[in-house]
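Q: Please take a close look at the salt bridges here. Which residues are paired, where do they sit in the chain, and how much of each one is open to solvent?

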Amino acid sequence: MTGLVLRVLSLARERTLSAALDIQEEFMALQPAGARNHPAWTLGHLLYVESEGARTIGLSPPQLPAAWNEKFAPGSTPTQDRKEYPSKAELLDRLGGLRA
């Protein structure tokens with residue numbers, strides 16, 4: 001069962017990252033009509049959750065900036081202010097390094 005859950009999570013991650021590659025930087029904080037979360041928040045949240053999950057099972061993922069807890073933790077509220085979020089390149093780079 002654990003293997004299936006990990007595979008589903010991995011597939012969701014791969015598809016999210018693949019979709020993000022086509023989004024231009026200036027659109028990363030746009031909240032689509034009817035959606036609460038924008039791409040910058042979604043990538044940051046994925047990074048936050050994976051990092052905390054790794055820590056929970058005893059791994060030592062790279063430390064995220066302290067301010068990211070407030071921005072990306074469950075229950076956080078995305079804003080459309082692009083300056084409030086890391087660049088797309090930084091988010092993708094950190095996500096790539098998380099499983100390295």
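A: Arg7 has a relative accessible area of 45% and is therefore partly exposed, a class that lies between buried (under 20%) and exposed (over 50%), worked out with a 1.4 Å probe and protein chains only. This is a predicted model, in which local features need pLDDT of at least 70 and side-chain atom pairs count only at pLDDT 80 or more, while totals for chains, interfaces and linings use all residues. Residues are numbered from 1 along each chain as its sequence is written, and side-chain values use heavy atoms, with hydrogens and water left out.

The partner of Arg7 is Glu14, and their side chains meet in a salt bridge at 3.7 Å, N to O. The term requires a side-chain nitrogen of Lys or Arg within 4 Å of a carboxyl oxygen of Asp or Glu. Glu14 is also partly exposed, because its relative accessibility is 42%. The structure holds seven salt bridges, including this one between Arg7 and Glu14. Helix α1 covers residues 2-20, with Leu9 in it; helices here are DSSP runs of H or I with at least four residues, and strands are runs of E with at least two, numbered from the N terminus.

Another of the salt bridges joins Glu25 to Arg82, where the closest N and O atoms are 2.3 Å apart. This pair links distant parts of the chain, since Glu25 is in the loop between α1 and α2 and Arg82 is in the loop between α3 (67-72) and α4 (88-98), with their positions 57 residues apart. Glu25 has 33% relative accessibility, so it counts as partly exposed. Arg82 is at 18%, so it counts as buried. The bridge thus joins a partly exposed acid to a buried base.

A further salt bridge is formed by Lys71 and Glu84, with 3.3 Å between the closest N and O atoms. It too links distant parts of the chain: Lys71 belongs to helix α3, whereas Glu84 sits in the loop between α3 and α4, 13 residues away. Lys71 is partly exposed because its relative accessible area is 22%. Glu84 is partly exposed as well, at 37% relative accessibility.

The loops that hold these partners can be followed through other residues. Pro78 is found in the loop between α3 and α4, the loop that also holds Arg82 and Glu84. With a relative accessibility of 8%, Pro78 counts as buried. The C-alpha atom of Pro78 is 29 Å from that of Gly58, and 20 residues separate the two along the chain.

On the side of Glu25, the loop between α1 and α2 also contains Ala35. Ala35 has a relative accessible area of 34%, so it is partly exposed. Its C-alpha lies 16 Å from that of Ala19, and the two are 16 residues apart in sequence.

In short, the N to O distances are 3.7 Å for Arg7 and Glu14, 2.3 Å for Glu25 and Arg82, and 3.3 Å for Lys71 and Glu84. Among the residues of these pairs, Arg82 is buried, while Arg7, Glu14, Glu25, Lys71 and Glu84 are partly exposed.
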